[in-house]
Amino acid sequence: MKSRKGIFSTATAAISMLGVHANIQMHVEKLDNGLTIVILPTKTKGIMQFAIVYLVGSSYDDQNVIGISHFLEHMMFKGTIKLSAIALNKLLNKYTSEVNAFTSEDITVFYCKINPIVLPIILRIEADRMQNLKLDESEVKSERDVVADERNMRFDASAQTRYIFDACLSSLFLQSNYRTSVIGLPAHIANFDRNKLLEHYQKYYAPDNAIIVISGDISDCESVVKEVKKYFGKIKKRCGEKPERPVDPPKTGIRHFIDHTSPQLATKQLSIVYTFSRKNIDTLRRLMMAKIVVQALCGNRRSVLYKKFVDGEQKLYSIHGMLDIKEIDKIIFYIEAIIHNELNRKDVETQIYVAVDRFITNDFTEDLFNKVKSEIVRSITFLHDNPSALLFNAIEHIVLGYEKDFANIAEITDSITYEETLQYAKSILSSKHRTHVFYSHPEEKAKQSRQAR
Amino acid sequence: MIEVIMKFIVVAGVISAVCVFAYFYLSNGKSSFEPKETELAQIDLQVQEIDIGVKNKIWKVNREINTVAFTIVFKNEGARNFRNTPGLLKLIEKSIFDGAAEYDANKLAEVIIDNNISLNISFGIDNAVVKCYTTSDKFEFALEIVGKILTKAHFKPQKIDLHKQEIIAELRQSKFESDTLAAECLSHVLYQKNHPYYFSIDETIKAVSGYSRFDIEQGYSKLFTANNAEITVVGNVSNDVVKKGFAILLQLLESSKRNNFAAVVQSTNVKLTHAPQHAYLDSPQTTVMFVMPAVASNSKDYFAYKMAELVLGDAASTFGNRLFGYVREVLGLCYGIWTQHKDNDLLTMTTCVARTSTENVEKLINAVQHTVEKFQKNGITSKELKEMKTMLSSHVACESALDTVVYLAGLRNRGVQAFELSKYMDNFYRLTVNDVNKAAKKFEILAIVTAGKARNDKALHDNVV
């Protein structure tokens, strides 16, 4: 089968101002059946990182079986018509390191680290799994218990996440499946059955809904593409159009406050949440601007909020920021802090708001911007030393739609100006985007917290 | 003639059908391409040794990419030598970056970040470890910063209180985590209160709240001794630069007054000092921890033992080991179950940990006991041994400079010499089924501790000393 070269891109620009050669080599091809192949050669010898990404996650799950994408991920290790579960697992055990998989709201990824010589085995396994999954009834039953146990372990066992995680998600999203955790709720897990799994599998586990990403010791990209085509080229496309996922209407002027107490909580954890439209990060350039802003505000010990509240006034034990970017719907920016036990949450929260406002009017200086930008550009160097980090970074950017620009990420970031970033910061950190506050704390402070609200 | 030809065609067809059937049946989907072990052989890391006049030579591996990682393992400078001051090292760990030499806390953070230096200083149970990862052009500067932090940390009084409260808050929170409670229970089963490895969350909380800056400085003055240092460097930096940089650093350490903690003699006998315990926690999940005797990594029997452990339940062989295959895959009793060989200076043992729901604790314990007993009695098969050998050949341990340096530092900690490295894996490939089955006899569950709602009613009392 012929392949059409989709996008071929190799970045060759050196970042001269830093004296660091930070280009990423990337080779992309798309087969006739829709399968995309992304190859990222590095200089690390004898190591290859492999991943197959299915563009399906919990946001595509049907309402009464949310978590089915995640459950299907588990079932992918239970054998095919050609390869029993034992034989499959033995092969994976024999020939791979760090073999695993994960499901998010938008994607499911199966990955492993290998010696390049075993790539044909992995391709054969994955091509088989894409077409011939067995879904044995008894395995479905026993794995349902394992998934229920996993949910217990990840959310319900710890007081820090029990109930609060689900409550926070359902307040952040109204209509979409993003409002439920990827693993699903206990009632969903109980509903998983073979028929639903098969339907989900047949729809989404198809070459036109998949990307193969390979990084590491690759001297000849074309021969790797040829190898992939050998195993996947003949698989017919079958995903076709995917259902449209509902997106929440813009929420303006509504603030949510969730207060969570438990006798099993010993620290005061505050999350201040900004939500804004996905359109605010619609290019790689804007993504990197957002990262610069978050890093400068609360990314590390050099950041404005850390210096003020942890080092300076000692009101917080720690503070950091996290950008959660879904494929669709909204962007969520969390500022997470652990408050000194003696302090009042409301007071600290107000002071953080004041500090954020001051950041965009005063404290986000050009000097700080340049330092943070330089830090981020230099950190790209480390991707060349680490095929796994490079691969997962690439996956993140490709899934968000920045495939064309990823190879030039260092150059793009370096070209960002202070003025445009400052304007950007003012727009995303505006108080109108401050939509949620989540507060978890020891039980004895509950009354005080409610009064302070 | 036609009849003969027809018969021939029929017979040939039947034979072909049988062959095809036999291929699929016997191969059970076996890949038509499975490389030989020699083709999978790990890349020779080519470690060079650099002598800089202290007890331990520097190990160095060159790489093409412009990054460099190094570890300095200060042997014997771990928590066990601070048993009388529990939690002090944690406090030092948090406070040590609050300024050093001419840099205050903010400036120190700035220079580290601006130079893309990733620096971590941590204290394990036996050793202190400094781990650094940066770009090649910043190697010398990183060493300079490390030297200042290890010898001239400020320990600002106003920050110390905050760190103390933070540690206490973390410890209090850990009392609601079943894994931490189970580990504490295990410590109380294995060790008397005055043992260097004994730990108690409550005792540590009480101790930490009383520490002063003087205590921190006293503890700090005993750490980071030049002659305790085991240095490993991986990256794109010349031997001369490495030698010069570390010579300066070690001279700085020598000139500070430090104590030299003594090495200790390891025990391989796991003895129970108290009956197996249960810690109650209102949680839908219970952590179950099993402990078994083990073999020291510097023993000649280590390789056979480690191979046996891989077959039984080590995380490195997740998809191919017995415990995962039976307890999780067949019975569905837990999300994960792994054994871990803990080769500490004072004691070597193997633990097995799993978390399960309250109602499944008894079943899980039975399943693990059954698997271990069967393993002990029957050992492994030649097929299992072959598969594990292939797995070891395939395993890619060293990806980045940082992975490589951590891997090498771990081998050094086990007493492996540089000249042994290129043949190190041969010690596994040479093993026979008999070797491994002899080692498998050692696997015997000596104690079980639980933390969660479900109580372990199958406590084993026979081995209490």
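A residue is called buried when its relative accessible area is under 20%, exposed when that value is over 50%, and partly exposed in between. Keep this rule at hand for the exercises below, and remember that the model is a predicted one.

**Exercise 1. Classify Arg434(A) and its salt-bridge partner Asp357(A), and say what the pair ties together.**

Step 1. Begin with Arg434(A): its relative accessibility is 11%. The cut-off for buried is under 20%, so Arg434(A) counts as buried.

Step 2. Turn to Asp357(A), which has a relative accessible area of 32% and is therefore partly exposed.

Step 3. Look at the contact itself. The two side chains meet in a salt bridge, with 3.2 Å from N to O.

Step 4. Place both residues in the chain. Asp357(A) sits in helix H11 (residues 345–363) of chain A and Arg434(A) in strand S13 (residues 434–442) of chain A, so the salt bridge ties together parts that are 77 residues apart in sequence.

**Exercise 2. Set the salt bridge of Arg302(A) with Glu375(A) beside that of Lys300(B) with Asp301(B). Are the partners buried or exposed, or partly exposed?**

Step 1. Find the distances. Between Arg302(A) and Glu375(A) the closest N and O atoms are 2.9 Å apart, and for Lys300(B) and Asp301(B) the value is 3.4 Å.

Step 2. Classify the chain A pair. Arg302(A) has 3% relative accessibility and counts as buried; Glu375(A), at 10%, counts as buried too.

Step 3. Classify the chain B pair. Lys300(B), at 73%, counts as exposed, while Asp301(B), at 34%, counts as partly exposed.

Step 4. Widen the view. Salt bridges that share partners join Arg302(A) and Glu375(A) with Lys307(A), Asp367(A), Lys371(A), Glu110(B) and Asp114(B) into one network. Over all chains, the count of salt bridges comes to 56.

**Exercise 3. How many residues of helix H1 (residues 68–75) of chain A are buried, and what covers them?**

Step 1. Count the buried residues: eight of the eight in this helix are buried, so the helix is mostly covered.

Step 2. Name some of them. Among them are Ile68(A), Phe71(A), Leu72(A) and Met75(A), and also Ser69(A) and Glu73(A).

Step 3. Search for the cover. From chain A it includes strand S6 (97–103), strand S7 (108–114), helix H4 (137–156) and helix H7 (194–204). Chain B contributes helix H12 (322–330).

**Exercise 4. Which residues form a nonpolar surface patch with Ile2(B), and is Ile2(B) buried or exposed?**

Step 1. Locate Ile2(B): it belongs to helix H1 (residues 2–27) of chain B.

Step 2. Check its accessibility, which is 66%, so Ile2(B) counts as exposed.

Step 3. List its companions in the patch: Met1(B), Ile5(B), Met6(B), Phe8(B) and Ile9(B). Together with Ile2(B) they have about 720 Å² of accessible area.

Step 4. Recall a rule about helices. An α-helix has 3.6 residues a turn, so residues three or four places apart point the same way.

**Exercise 5. Which residues line the second largest cavity, and which elements give two or more of them?**

Step 1. Start with the count: there are four cavities of 30 Å³ or more. The second largest holds about 50 Å³ of space.

Step 2. Read off the lining. Chain A gives Lys90(A), Asn93(A) and Lys94(A), and chain B gives Gly320(B), Glu384(B), Glu387(B) and Met388(B).

Step 3. Match residues to elements. Helix H2 (85–95) of chain A and helix H14 (382–394) of chain B are the elements that give two or more residues to this lining.

Note on methods:
Residues are numbered from 1 along each chain as its sequence is written. Chains are lettered from A and ligands numbered from 1 in the order in which they are written. This is a predicted model: local features need pLDDT of at least 70, side-chain atom pairs count only at pLDDT 80 or more; totals for chains, interfaces and linings use all residues. Side-chain values use heavy atoms; hydrogens and water are left out. Patches are made of residues with over 30% relative accessible area and no salt bridge: like charges are joined within 9 Å, nonpolar side chains (Val, Leu, Ile, Met, Phe, Trp, Tyr) within 5 Å. Accessible areas come from the Shrake-Rupley method with a 1.4 Å probe; for residues, only the protein chains shown count as cover. A salt bridge is a side-chain nitrogen of Lys or Arg within 4 Å of a carboxyl oxygen of Asp or Glu. Helices (H or I, at least four residues) and strands (E, at least two) are DSSP runs, numbered from the N terminus. Buried means under 20% relative accessible area, exposed over 50%, partly exposed in between (1.4 Å probe, protein chains only). Contact means heavy atoms within 4.5 Å. On a 1 Å grid over the protein atoms alone, a cavity is a set of points where a 1.4 Å probe fits but cannot get out, and a pocket is an open set with protein on both sides within 12 Å along at least five of seven lines; lining residues have an atom within 4 Å of a point. Grid points are joined across faces, edges and corners, and a volume is the space filled by probe spheres set on the points.
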